Structures are given as C-alpha cells and as structure tokens.
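Subject: Handover of a structure and its findings

Dear colleague,

Please find below the structure that I am passing on to you. The findings follow it, arranged by topic so that you can trace each of them in the viewer.

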Amino acid sequence: MANLTNPVKKVPIHLQSSQNRILIKNGKVVNADRIIDSDVYIEDGVIKMVGCNLIIPGGTRIIDASSMLVIPGGIDPHTHLELELMGAVSVDDFYQGTKAAIAGGTTMIIDSALPSKGESLLDAFHKWRTRATNKVCCDYALHVGVVSWSDQVKREMEDLCKSHGVNSFKMFMAYKGIFMLNDSDLYNSFEACKELGAIPVVHAENGDIVYENTKRLLNSGVKGPQGHALSRPEEVEAEAVNRACTLSNQVGSPLYVAPIMSKSAAEVLAKHRADQIKQNGNTKIFGETLAAAIGTHWNEKLLTSWHHAAAHVLSPPLSSDPNTSPYLLNMLARDKLQTTGSNNTTFNYDQKSLGKDDFSKIPNGVNGIEDRMSVVWEKGVESGLIDPCHFVAITSTNAAKIFNIYPKKGCINVGSDADIVIWNPKGKRTISAKTHHQAVDYNIFEGIECHGVPEYVLVGGRVCVDEGILKVVQGLGKYIPMSTNSEFVYSNEKVSEKIDEVNGLNEEIDDVNTKTLNLQISPPSSVTSEVTTCTKSPMIHTGKGMRMEGQRDLQSSTFSISSEFDDPVKKSSIRVKNPPGGQSLGFW
C-alpha cells in the first residue's frame, strides 16, 4: 500500500466534505448496554447525531450498513510495538502494528513504554512517543513501566500523571534481572499509584521460581521450546496473581492483571474480586486475558517443528489443556475477567532462533493485534457464549472505562470520537500469515476460519477499511492522554448513573418504548442485552434535524446469531435490568 503522508492535500476541494461528513445508515448500533436500529452521522471526526430520519448537509458520504452491526472501534489495552527484548526488537513497529490493528477492527492501542536498566521513566516515555509519532495509523496511549523503585521514580510517576497524560504503570513480577520488582518495590509502587489515582498493571508470574526452574531444566538437558512452559507451570502464575491481589488489598490500591493465561490464575483473581465485593460492595481488581489464550493452546501434536513451537512462546505460557480456552471465555462472559488484549510482541524466525540451543533465550511474544476481534467473535459470539453487547464490552468499552477514556472512546454516542467498525457477522475469513498485514512471518491462529469481519473501519471519522479494502494513513493517529482517578476504578458510583448522564436520560428505562432482543444462544444470566427501536426513543441524542414521522418498519430488527441476520420472525423477548456489558461482580 502507498505510504500516504499528507492525503488531505491530494483530495480535490469539492470532495473534501465527503471526507469530513459521513452518514452510516440502516445498521444496528451495538453498545455495551443495548442494540438499537439507528443511523449515525459523523462530522470532523466526531459523532454528531445518532437516530432515525436525520437531516444532514449536502456532500455527505452515505455508507449502507444493512444487515451489519455498527460497533465502537476495538481498544487493545496490551501491545508491545518496537519492543527491545532479549536481544531483539519486535518486528511490528508502530506503523505496521497499527495498520494491522485497523485491518482487524481495532482503532486504539495502549502500548507500554518500558525503561531499560538505569533509564528514567520520563526518558522511556519520550522515547516511545518519538517512536510512535508520524507512524501510528490509529490513536494510542501508553502505560509506563516501573522496573525499579526509588524516590526519583515516585517523582517521575507524579510528573507523568500530572503533565503527560499517563494513568497506568506496568510492573513485572517476572523477567528477573530485567524488569522484575520484589514485593517491597511492588508495595511502594502500588501505594504511589493509589496516591496519584493511577492504575498498577501487573504481569504476574513468580520470577524467582521461574529463574530456578530454568536453571534446573537447562542443567538436565531440556533446551527446546517445551522447556519454557515447564519452567513456569500454571501454579507459578496463580501464586503471583494471589500475591499481587494481596499486596493491592493491603495498600488499598486498584489492580489490573495482564494477562491471565490459566484456569488457576483466573480462579484466584475471581476469588479476590468476590471477597472485595463481599467486604466493600465493590472491587478495584480487574483481569485481562489474551486472544492467544482463547484462540489456541499449546498442542505438542501440532507443534512438531522447533520454529512452530518457538513461535508460540510467550509469558505466561499457553496452556496445554484445550479446556482452558473455553474456561477463560466463560470467565469473560460472567464478568470475572473484564478485557481482552493481544500482548502483540512479534519476533520473526531469525529472532526466535536466538534461543535455538537455550529456550530461555527465545524472545517471548506472539501476534494478535490484527486477529483479536475476529478470534473473540468466533470463539465467543459465534459459539453462543457471548452476545454482541458483551463482545463490545470486552473488546472496547471496559478498557475505555478502566483507563478513563470513556465516553470519548468505547461507545457510539453523540460527542464520542468517530472510531467505528461496521461489522459483518455473515462475513468469513481464514487467518493466515500469507494474508495478514503484520510484519511477522508466522501466525499462531493459522487456519482458523472466523465468522465476523470488519467491512468498514473508521478512525477519527476517516474510512480506513472500505468494503474490506485497507486504506490506512500513516501518522493519522494521535496520542490520547488518559487522566487519573477513573471514576469506574476509584469511585463507587454506579455505571448506570454515568450512562444516564452521558445519554441525557431524564426518565427510567422502563418508561421507554422499546423492543427487546432474544439472541437464541442461551447466554449466561449476566449477559442479556436490550434492543431498542428508533420509535419514540429518547436514549440517543439526535439533534434538531431529526424528524419523527415516517419511521422505518422495524419488525425486522430482531437479531439472531444462529439464523439469518435479517430474519423477520418475531422472537420471544427477554428484559433484564442489568448494567452495560452484563451483571458485574463489582466492576459496575
């Protein structure tokens, strides 16, 4: 694809209005709390109107979203682009990585600026900003790594929060000698985060055990990629998750564990969340799992070559238990895990080969930035475990709320950024390294057929995927400051109150004339959502241009995953007073 550096200058004057003004018609708008039949009008990168029969200016481009879902762009809260690790630099840079993200329906990433030994947090932050500037195709934000502790580190954390739009700090309990913090340093870091209103983001593995296990395995002659998982069994992750939760409880800080890769670790996190709810009525502990964890597993029968096995090496490792993937999906469906990331850290064949004779030297990381949305849809929605509203919650909205960029991001509402995906649930694609847009030469999801693909992707109102064709603009993306003291993390305010404020609601939901949705998929009790027609709906601002007469016939608004998308047959309705994304164990 051509590298467009200043595309606006190439657009004729008479066509520029169509770049700034877009109307998405005839789609089903899916937010984390409901589905509505509605049109969306965008101007200058911002959603201006959501409703029916909108009066729009001339020169507006119209996109027909019939039989498709209009969803908030995905937010990937866990990427590592251009990361220097274990003697290599990940091959997906900020251009290639964000280009691939957009191709898959992700319109914002949160990367991690990790200081090298002796480097200040501020220097690391500015280095990552320099790497990303003029490369990113979509918006981005940054976690900043805390890899040692001192008074200077604490002062720099404060500076980053107050002056540079950072509200989260990445800490490692593994990678001994590189990034790992001891318990005392973690305690102090958590305490500093609490004082600042920031969020500790923790990679949880017992680094001391991993270090000793690695030495023992290498001494016994185990040198291949299988040694990686043997050095860090499931209980090593679970122990660290338990310790991180205990430390955060002692300090009274929030905690975001990323990633959760095993059943045991998920169970530990869920228990601590439940205990906090029982004691306090809410919880500040959140968990993220990966597309890799729910899309694949460590299968020795298939990973017969050294390169295939090495390509699947990441930390914490993939489970060898095929039942782990559906288990983690179930935890997402029940809101015991809240988000899905990619942990996209890609190394090619030659880079992985640095560990040819020593598994501890294989650069850790896999792909996922492009395939996360499709894999979650295929394994979650297509299987019948998760409905489209909860899909939006775990791929976009929850991350936006936790990291305090909602409702600017993570929803389709008046005033929100026009980061929008028009999702075709009937579309199909087969994942392959031969066709993906990433720089890496391997794909851990190779051969998986996915139902559900992005037909259009809008980034800041610009169409970057157009009828399935990728048209990214290098440098289009912006750095998004994330302010501290997220009310969804630090406040007991119910999310329903915030949603009412954002949507301008002045009456109870029960007073609204709505139609409800039966997904025909036996969703868990915590994941039942509401579909609203345009008729007499005050739930979305529509602007002065809305006309109420001449409404569309919305009998065809019933949505079904298991049958044709536009099936006109009327389904029995389910009405539940659950918050956005489903019932919570305290998150809401």
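Is D183 buried, partly exposed or exposed? With a relative accessibility of 33%, D183 counts as partly exposed, because that class lies between the cut-offs of 20% for buried and 50% for exposed. Please bear in mind throughout that this is a predicted model.

Salt bridges

D183 is a suitable place to begin, since it pairs with R243 in a salt bridge whose closest N and O atoms are 2.6 Å apart. The two residues lie 60 residues apart and link distant parts of the chain: D183 belongs to helix α5 (residues 183-196), and R243 belongs to helix α8 (residues 234-251). R243 has a relative accessible area of 19% and is therefore buried.

A second pair consists of D321 and K263, with 3.0 Å between the closest N and O atoms of their salt bridge. This pair also links distant parts of the chain, 58 residues apart: K263 is in helix α9 (residues 263-280), while D321 is in the loop between α11 (306-311) and α12 (324-333). Both ends are partly exposed, D321 with a relative accessible area of 26% and K263 with 21%. Elsewhere, D139, K408, K409, D417, D419 and K478 are joined into one network by salt bridges that share partners.

R34 and D33 form a further salt bridge, and their closest N and O atoms are 3.1 Å apart. Here R34 is buried, at a relative accessible area of 8%, and D33 counts as buried at 17%. In total, the structure holds 25 salt bridges.

The open sheet

Strands of a sheet pair through backbone hydrogen bonds, in either a parallel or an antiparallel manner. In this model, eight strands with parallel pairing form an open sheet, in the order β6-β9-β10-β11-β12-β13-β14-β15. At its edges stand β6 (74-79) and β15 (339-341); each has a single partner strand, so one side of each is left without a neighbour in the sheet. On average, neighbouring strands are turned by 30° against each other, with direction ignored.

To examine one pairing in detail, please look at β13 (residues 255-257) and β14 (residues 285-290), which run parallel and are joined by three bridges. V257, for example, has G287 in β14 as its bridge partner. Helix α14 (residues 372-381) packs on the sheet and touches β6, β9 (106-113) and β15; the direction of α14 makes about 110° with that of β6.

A pair of helices

Helix α3 (residues 121-132) packs against helix α4 (residues 151-163) at an angle of about 40°, and their axes are 9 Å apart. That angle makes α3 oblique to α4. On the α3 side, the contact involves L121, L122 and F125, which meet V153, E156, M157, D159 and L160 in α4. Six residues of this contact are nonpolar, two are charged and none is polar.

The protein as a whole

The protein contains 17 helices and 20 strands. Of its 588 residues, 62% count as buried. Among contacts with a separation of 6 or more, 77% are between residues 24 or more positions apart.

Yours sincerely

How values were computed:
Residues are numbered from 1 along each chain as its sequence is written. This is a predicted model: local features need pLDDT of at least 70, side-chain atom pairs count only at pLDDT 80 or more; totals for chains, interfaces and linings use all residues. Side-chain values use heavy atoms; hydrogens and water are left out. Two strands pair if DSSP finds at least two bridges between them. Helices (H or I, at least four residues) and strands (E, at least two) are DSSP runs, numbered from the N terminus. Axes are lines fitted to C-alpha atoms, for helices over the stretch in contact, and angles run from 0 to 180 degrees between N-to-C directions. Contact means heavy atoms within 4.5 Å. A salt bridge is a side-chain nitrogen of Lys or Arg within 4 Å of a carboxyl oxygen of Asp or Glu. Buried means under 20% relative accessible area, exposed over 50%, partly exposed in between (1.4 Å probe, protein chains only). Angles under 35 degrees count as roughly parallel, over 145 as roughly antiparallel, 65 to 115 as roughly perpendicular and the rest as oblique. Ala, Val, Leu, Ile, Met, Phe, Trp, Tyr, Cys and Pro count as nonpolar, Asp, Glu, Lys and Arg as charged, and the others, Gly among them, as polar.
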